[in-house]
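Q: Please take a close look at the surroundings of the ligand and describe them in one connected account.

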Amino acid sequence: MAKESATVFFCKECGYEASKWSGFCPSCKTPNSMVEAPKPSSPRGSFSSVRPGSLPKPVRLEEIEVDRQERFSTGSQELDRVLGGGLLPGSLILTGGDPGIGKSTLLLQVCRHLAASDHKVLYVSGEESLRQLKLRADRIGTFKGDIRFLCETNLEQILAILREEKPDVAVIDSIQTMYAPQAASAPGSVTQVRECTNMILNTAKGLGISIFIVGHVTKDGAVAGPKLLEHMVDTVLYFEGDRHAAYRILRGVKNRFGASGEIAVFEMRGTGLKEIPNPSAYMLSGRPENASGSAISCIMEGTRPLLIEVQALLTRSNYGQGRRTATGADYNRVALLLAVLEKHLNIVFSDCDAFVNVTGGLRVNDPGLDLAMVMALYSSYRNRPVPENLIVFGEVGLAGEVRSVQLAKERVQEAARLGFTTCVLPKSSLTSDLNARGIKLIGVSTISQAISLISNNE
Ligand code: TYD
Ligand code: MG
């Protein structure tokens, strides 16, 4: 009989398990992410764990008793909305993001509010000393109520403390620094991160403690990434945005207790993170006046309409083949829109470098952004500005047609609220229930019609 190998290979990003090493993960395709780890011991043998008389009993829906669980507020209306209306007791929440983006700051602020509103809170840090925690806390404000701090990385001890103290809310900062002594590998490795999360999950559910887990997103892949745990936790929040810019976007990627895809916008101040209740106005601040290559669109993020600026720059390339760069928008989408413009307007872009940028650090997937990208690209090419009070949204098809997008009414209302006077939208979205008070609606069915609004603006 062939001897079974004692090690297996794991992907650091998604946790995919393989028996052979390969240069990239067969599942998530991340290069150089496969690492060798000892095979997890699994109970084997011929004994069955099923004993007659001790079987769990499946139940009917009517038999399930639901006691209405009170959600509690985190002190930030925006964060409550992303969580689906507040924090639910016994839930496990993963907060991911680049190092230094503000995960610890946000959670410390949440803990401060919860403690002040009579909840028992325990903040466990495996990254910072008590002194560092105090310095951060001093910047944020005064702390009242039952909140305690612990610097520890041995998860068995942490969980023992949780069982003894039974706080309402706990923070584990960060999962990559924790280790479970029984799992024989280094902290931050795939095996450890998985094992630790499993142990935390059992404690959260068993004792009804809401636990926030911090997970660093790692570019170089030296430690396991938070993607690995997404399926184990109830809610996944990711911080987006540039660490060096002031604003941070928190996006709910998964939510077992509410809608996912909601976002909250925060600004990093000297005294911690401050929520921005009106992100559209914030995203548009600092917009260049009368500049070519800039168009405003209204996209949907979850249930919220959001105005953003998309900028494009077309310049003649010094090398034969033009480069394409997209920041905040999908690269392939930009290439596709350039091809559609070339084909339908008889322009040649192949010797141009094209740069597209969505300002505000947001990553946009809404197809409604297409028409704004087309407008911005054309505006830059012709060097003519898009009219200032004009807002545009719509999906662009390969035949140069402008297709309808969902929730047109919400988008138009948000544009009107922020003082835009003209809205260019897909003709098929022009329905009678659009509230067009104070804003002129122009329905277009092809990109040429949309673009003529730029050409006529001389
Ligand atoms: P931090 O919350 O520690 O990030 P993470 O836990 O995600 O690694 O810190 C975020 C950054 O914000 C850090 O560089 C310091 C800065 N900061 C402020 O600008 N103002 C503040 O009030 C605080 C607490 C931090
Ligand atoms: Mg931190």
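A: A polar contact is a pair of N or O atoms within 3.5 Å; within protein, one must be able to donate a hydrogen and the other to accept it, and residues adjacent in sequence count only if both atoms are side-chain atoms. The model is predicted, with local features requiring pLDDT of at least 70 and side-chain atom pairs pLDDT 80 or more, while totals for chains, interfaces and linings use all residues. Residues are numbered from 1 along each chain as written, chains are lettered from A and ligands numbered from 1 in written order, and side-chain values use heavy atoms, without hydrogens or water.

Thr 105 has a polar side-chain atom 2.5 Å from an oxygen atom of ligand 1. For Arg 136, a polar side-chain atom likewise lies 2.5 Å from an oxygen atom of the ligand, and an N or O atom in the side chain of Ser 104 is 2.6 Å from one. Alone, ligand 1 has 560 Å² of accessible area (Shrake-Rupley method, 1.4 Å probe), and the protein covers 77% of that area.

There are 16 residues around ligand 1 (a heavy atom within 4 Å); Gly 100, Ser 104, Thr 105, Arg 136 and Gly 272 come nearest. Three residues of this shell are nonpolar, eight polar and five charged; here Asp, Glu, Lys and Arg count as charged, and Gly is among the polar residues.

Helix H2 (103-116), helix H3 (130-140) and strand S11 (263-269) each supply at least two shell residues. Helices (H or I, at least four residues) and strands (E, at least two) are DSSP runs, numbered from the N terminus. H2 gives the largest share, three residues.
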